[in-house]
Amino acid sequence: MTERTLLMIPGPIEFEPEVLRALGRQSPSHMDPDFARAFGRALKRMRDVFAAPSGQPFIVAGSGTLAMELAVANVIEAGDRAVVASTGYFSDRMGSILERLGAEVEHVRPVALGDAPDLAAVEKALASGKTKLLAITHVDTSTGVRAPVQELAKLARDRGVLSAVDGVCATAGEAMEQEAWGIDLALTASQKAIGVPPGLALLMASKRAIEAHRARKTKVHSMYLDWGEWLPIMDGYERGAPAYFATPAVNLVAALDVALGHIVEEGMSARVARHDRLASAFRAAWKALGLRLLPARAELCANTLSAVYYPAGVDASFVGRVRAAGIVIAGGLHPDAKTKYFRVGHMGVLGASDVIATIAAIERALAKSGYKFDLGAGVAAAQKSL
Ligand code: PMP
């Protein structure tokens, strides 16, 4: 079998050759002036991507889970109350992280898998007790559900509650204006719509979040997670004056600088519109093929991935058939439906031809799996949509 495949899972994704070349270069010293400039530029470019002109960016080696911990471990102390607006597996993960920090956690769950929690129920949960934080998963990768982030963040802001948005499967692909929407903690990781191989945790903290960190009564338990250790480092690199706390992932940071440069060059509104256009083409194909989506309603469908139920008679071996056709997609993840659906990532440097190639491979695999449909109907619908 050829080694050449198209990686269409919801992260890691296909990366730009220029980004990958930055990884292959000789590693610079973390104190090198050119590296310091690249790090500083990446921090500044994060403010554009997050639409957070007065935010405090952090770039720390680690995966998305570390970004989640880096966000909440600095504002939550044992005994604090936190509400989780639950849309799937990753919302539950945030709940577990908050519990490990000693928080009292209330999950507000949707009526059914694939739905989002009712806004009135979230409002009620925020009001029942002195709540410190509302956690939101922008796009839950396990369900393909995009939460109504702007509305949820407003509920928190109106009550003086901090909001934390897990944008691991959303940032740089879905619309998000951190400052305008009043979001206190926006986090992501490098390997999805940002477009850099796995290994960097990215976080943007609002002034209110930084104040909440400063007002803590207890120390952050983990030294590596403590903003107090990282703030002088981020500040130093932004001023072009490198400083050491823990060795930065120098090649990944250089690659991030390149990738963020591409994002800023495309422009966030154009980038979000492109993701919307390509996701619409996928949705047109799913409909034409008679496939049902996990998200309960159209407005809950993410633009960064599709979560699609297998039709009757097709099982998870379908993913292997698509792989044999040269396209790598993912199986299910949510424990309630793991074997019942597949996921296709559509974020980052993706173009129309990737969409068509993916749908064509999926059609061939569906046909091989015995599903009866009009071969080519999905591709035709996507072409028309594009
Ligand atoms: N949150 C979301 C929404 C995710 O999709 C993921 C990863 N799929 C994570 C958090 C955790 O990120 P990581 O696997 O990089 O630790």
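**A colleague's note on the helices and sheets of this model**

1. The helices α3 and α4 cross in a right-handed way. That is a friendly place to start, with the reminder that everything here describes a predicted model. Helix α3 covers residues 64-72 and helix α4 covers residues 89-100. Their axes are 10 Å apart and meet at an angle of about 45°, which makes α3 oblique to α4.

2. Which residues bring α3 and α4 together? From α3 come Thr65, Met68, Glu69 and Val72, and they meet Phe90, Arg93, Met94, Ile97 and Leu98 of α4. Sorted by class, this contact of α3 with α4 has six nonpolar residues, one polar residue and two charged residues.

3. Next, please look at the sheet of seven strands. This sheet is open, its pairing is mixed, and its strands come in the order β2-β10-β9-β8-β5-β3-β4. At the edges stand β2 (56-61) and β4 (104-108), each of which pairs on one side only. On average, neighbouring strands of this sheet are turned by 20° against each other, with direction ignored.

4. Within the seven-stranded sheet, one pair to follow is that of β3 (residues 81-85) and β5 (residues 131-137). These two strands pair in the parallel sense over five bridges. If you want a spot to centre the view, valine 83 has leucine 134 of β5 as its bridge partner.

5. A helix also lies across part of this sheet. Helix α2, residues 33-50, lies across β2, β9 (185-189) and β10 (200-205). Relative to β2, helix α2 runs at about 120°.

6. The model also has an open sheet of three strands, in the order β11-β14-β13, with antiparallel pairing. β11 (305-309) and β13 (330-331) have a single partner strand each, so one side of each is left without a neighbour in the sheet. As background, the strands of a sheet pair through backbone hydrogen bonds, in either a parallel or an antiparallel way.

7. How many bridges join β11 to β14? There are five, and the two strands pair in the antiparallel sense, with β14 made of residues 341-345. Valine 308 has phenylalanine 342 of β14 as its bridge partner, while alanine 307 stands opposite arginine 343 in β14.

8. On the other side of the pairing scheme, β13 and β14 are joined by two bridges, again listed in the antiparallel sense. Here alanine 330 stands opposite arginine 343 in β14. Arginine 343 therefore deserves a look from both directions, since alanine 307 and alanine 330 each stand opposite this residue of β14.

9. Is β14 enclosed or open to the outside? Five of the five residues of β14 are buried, so this strand is largely enclosed by the rest of the structure. Tyr341, Arg343 and Gly345 point one way from β14, Phe342 and Val344 point the other way, and all are buried. In a regular strand the side chains alternate between the two faces of the sheet.

10. After β14, the chain passes through a loop towards α12, and glycine 348 lies in that loop. Glycine 348 is buried, with a relative accessible area of 1%. Leaving out residues up to four places away in sequence, glycine 348 touches Ile13, Ala193, Arg271, Arg274 and His275.

11. Helix α12 (residues 352-368) packs with helix α13 (residues 377-385) at an angle of about 160°, and their axes are 8 Å apart. The two helices are therefore roughly antiparallel to each other. Their crossing is right-handed.

12. The contact between them is made by Ile356, Ile359, Ala360 and Glu363 of α12 and by Ala377, Gly378, Val379, Ala382 and Gln383 of α13. Grouped by class, the contact of α12 with α13 has six nonpolar residues, two polar residues and one charged residue.

13. Finally, a stop at valine 258 in helix α9, residues 250-266. Is valine 258 buried or exposed? Valine 258 is buried, with a relative accessible area of 16%, which falls under the 20% cut-off for that word. Setting aside neighbours within four places in sequence, valine 258 is in contact with Glu18, Val19 and Ala22. The C-alpha atoms of valine 258 and arginine 41 are separated by 9.6 Å, although the two residues are 217 residues apart along the chain.

Technical notes:
Residues numbered from 1 in each chain as written. Predicted model: local features only at pLDDT ≥ 70, side-chain atom pairs only at ≥ 80, totals over all residues. Heavy atoms only, no water. Pairing = 2+ DSSP bridges. Helix = DSSP H or I, 4+ residues; strand = E, 2+ residues; numbered from the N terminus. Axes fitted to C-alpha atoms, helices over the stretch in contact; angles between N-to-C directions. Parallel < 35°, antiparallel > 145°, perpendicular 65-115°, else oblique. Left-handed = near helix turned anticlockwise from the far one by under 90°. Contact = heavy atoms within 4.5 Å. Nonpolar A, V, L, I, M, F, W, Y, C, P; charged D, E, K, R; others polar. Buried < 20%, exposed > 50% of the residue type's maximum accessible area, 1.4 Å probe, protein only.
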